[in-house]
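This report looks at how two chains pack against each other and at what lies inside them. The sequence and structure come first.

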Amino acid sequence: MDIKLSEEQVQLKEGARKFMEDECTGEFVREMEKSELGYTKKMWQQMAEMGWLGMAAPEDCGGLELGTVDLVILAKELGRNICPSPFLSTVVIAGEAIARAGSDAQRQEFLPKIVEGELVLAFAYQEYTRKFEPGVIELQAKEDGDHYVLDGTKMFVEFAGGADILLVVARTSGEAPASSGLTMFLVDAKSEGIASKRTPTMARDHHYEVGFSGVRVPKDRVLGGVGDAWSSLEGVIEKAAVVFSGYTGGVCEMMHERATEYAQQRVQFDRPIGQMQLIQSYLATLIIDIYGSDTLTFFTAFNMDKGRRVRPYVAKTKAFAADTVNNTTNVGAQIFGGIGYMEEQDTTLYLRRGKQYQLALGGLDYWEDIIAEELIDVENPTLLT
Amino acid sequence: MDFDWSPEELAFRDEVREFIAENLTEEVAGTIFIDTPARVAFVDKMAERGWLGMGFPEKYGGSKKPIPLAQFILTVELDLAGAPIVGKNVGVVANTILNECSEEMKMEFLPKIFKNEGQWALTYTEACAGTDIGAMQCPAVDMGDHFEVTGSKLFITSAHFAKYHWIALRTDPDAPKHKGISIFIMDADSPGISLTPMHCIGTTGTTHRTNEVFLDHVKIPKSRLVGELNKGFYYMMQALDYERFAILSFASRVRRFGKIVDWVKNAEYNGNDRPIEDPVIRRKLARMATRVEVGTMLERLCICAAMERVPAVEAAMNKAYGATVGADMAELALDIMGPFGYLWAGAEHAPLNGYLVDEHLMAGHARVAAAGVDTAKSIVARRLLGLPNALGKPVLPAK
């Protein structure tokens, strides 16, 4: 047992940190919040050049075929600077879905372009429901000759406005709450009948409500088996949840560093507030959670890369990382006192994201139900040691 | 990065598990202490296998460490099974003797420890010196050819079955308080020592006993000084880093949570009330399962660090997190039990025979023992985050 990073991994981490520090400043993040796209093509291209967009893709599609552990390492660095980019939806979700479920033709059509930074994909999954379970999906896809016709509404589709392709999960048969009967479609974002409007969020990131009205999708854009989306999508979401936990881990790390630094600098009652036990207790409690969350994230990523069944571990990873990012950004802001709640303060960028990230990609209800199921209902569960 | 145990580590773990399966009788299980003949016999068998002196030089009765993590795996497996563990004798006493004592003392005491000949009490705490252990006053006065001790010590857990006291005493009343303490090895049967038992809160019959120790003109030979005079505080601190890790593994909480989940799964009350079907209870268990997993991860961090150094910060994190989770899970269990959570051991209908009641009442004890949760957090704040000592003079930031 040895949980240190390899030399290559240290290089990945350090390279990413340097790039983020130079390019992804607080000022940049604010600019992106106000921008049309929510990210810059320039940075997306740079990310491609550094090989980040091809990290996960298979080698025969121009990728590096690296594991989840490496994705987590990179995601942590992106998270430290809350990098606004469609990395998760394009590389980790859509890219992974195509690699797992796509036909050879689809893999060759889409993956090399993702690797090269020529294609941005958004994940259109959530609908007008509080739940994250696939079974609640209602958006209809009806067969019509050599096309499917999509009707319905997706919500919280991040980067839909700046995406080339939408990965849409739609119902081709059955009805809620069945998770069977769902199918994935790669829908051209410019298709007729698609209407997107941006939804203002507390993170001021780029979420859209996307309406589909008689949107015709050719059959060769069906991804994976008809009615069988969940058999590959579940694993994709699991992987995304782990990588996203790495990302929020980076958010925590940075917020905590800044709060600690502030506590060392800010003098009240003739001493730095970081010399007071109550402040120390906050910071120590948070860092213990952050270390625990980080180790659990890597543990799950490692076992996922080994091809082991990690369902309960993913759920625990995501649930704990979610709580930790919410806590750390909340308490971290509090360390700053009044200034922690002023718009111009960079740490408010983190505070505005903490709660939202906790709710993202399946809230606690979703993941805790999985944990309970695995803990209670599964006979003789396999335990990783 | 490799989270997997090596084949050698797994083989050793299996060996320990087999040993436990063969030797852990009902008479032995239930406490980490080696306080009865049956428990002594159990540990004797471990000693025969060379498991107490792993990694110590052979000339002192030590044995080759089969693998670097052997000590850790042994402790975790024992703790997981609810068996007596050897952390204190080996982790604190033997390590300090090896690092700080004369050849003569090493030859005298190390082989005894590794053969399980006699138990040790850590005799530090006084009424005026708990968390602030440096405030201890009980003096050892230099009488020329020996030291003489008169005073008292509090919460000395193993004193009623120990053969030796690993005792910290004030040897220089005029020095700054951390610089006037020394450690001695004192025979428990020395004339002038008397004990008053103190019983921890809990169900009658299974309560954990500790002691107040009175010392009346007790003589300690000069040869029993550990290391250098007035360096005792530093030896204690070093050993505490080790103790937090070696004695208190997270495994006991994993075991406790397993028992709780098993109980909830099978419980059924009037009106078809099966707690396991209650969605709120399921969520609460899920949340606790997550925290248990995180505790296991913090322990992992500790193990990995331990391969290279004494994992002081990691052990403090492990301690703070583990003790809090331990307390919260006992409380969660009682919440689920409702009024049946009132019932003590022996009561009809007491879930798990009142086990969680004792665990709940004593949960706070785990939070304060071996430098408590708050002390552990102070260690994290200072050593990991680099924040200034809250008890020191103001440390103003450089302009």
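In this predicted model, B:Leu285 is in contact with residues of both chains once its neighbours within four places in sequence are left aside. On chain A these are A:Leu375 and A:Ile376. On chain B they are B:Phe257, B:Ile260, B:Val264, B:Ile276, B:Leu332 and B:Ile336.

B:Leu285 also belongs to the largest nonpolar core, which has 234 residues. With A:Trp52, A:Phe87, A:Leu150, A:Leu166, B:Met46 and B:Trp166, B:Leu285 touches the most other members of that core. Helix α7 of chain A, residues 229-265, contributes the largest share, 17 residues. A second core is separate and holds 18 residues, among them B:Ala121, B:Phe184, B:Val213 and B:Leu215.

The interface of chain A and chain B can be put in figures.

| Property of the interface of chain A and chain B | Value |
|---|---|
| Residues of chain A in contact with chain B | 51 residues |
| Residues of chain B in contact with chain A | 48 residues |
| Area buried between chain A and chain B | about 4800 Å² |
| Share of that area on carbon and sulfur atoms | 65% |
| Salt bridges across the interface | eight |
| Residue pairs in polar contact, both at pLDDT 80 or more | 15 |

A:Asp365 and B:Arg283 form a salt bridge, with 3.4 Å between the closest N and O atoms.

Which elements of chain A each supply at least two residues of the side that touches chain B? They are α7, β10 (271-272), α8 (277-305), α9 (311-335) and α11 (364-377). The most comes from α8(A), with 17 residues. By type, this side of chain A has 22 nonpolar, 15 polar and 14 charged residues.

Notes. Residues numbered from 1 in each chain as written. Chains lettered and ligands numbered in written order. Predicted model: local features only at pLDDT ≥ 70, side-chain atom pairs only at ≥ 80, totals over all residues. Heavy atoms only, no water. Core = buried A, V, L, I, M, F, W, Y, C linked by side-chain atoms within 4.5 Å. Buried < 20%, exposed > 50% of the residue type's maximum accessible area, 1.4 Å probe, protein only. Helix = DSSP H or I, 4+ residues; strand = E, 2+ residues; numbered from the N terminus. Contact = heavy atoms within 4.5 Å. Buried area = accessible area lost by both parts, 1.4 Å probe. Salt bridge = Lys/Arg side-chain N within 4 Å of Asp/Glu carboxyl O. Polar contact = N/O pair within 3.5 Å; in protein donor to acceptor, adjacent residues only side chain to side chain. Nonpolar A, V, L, I, M, F, W, Y, C, P; charged D, E, K, R; others polar.
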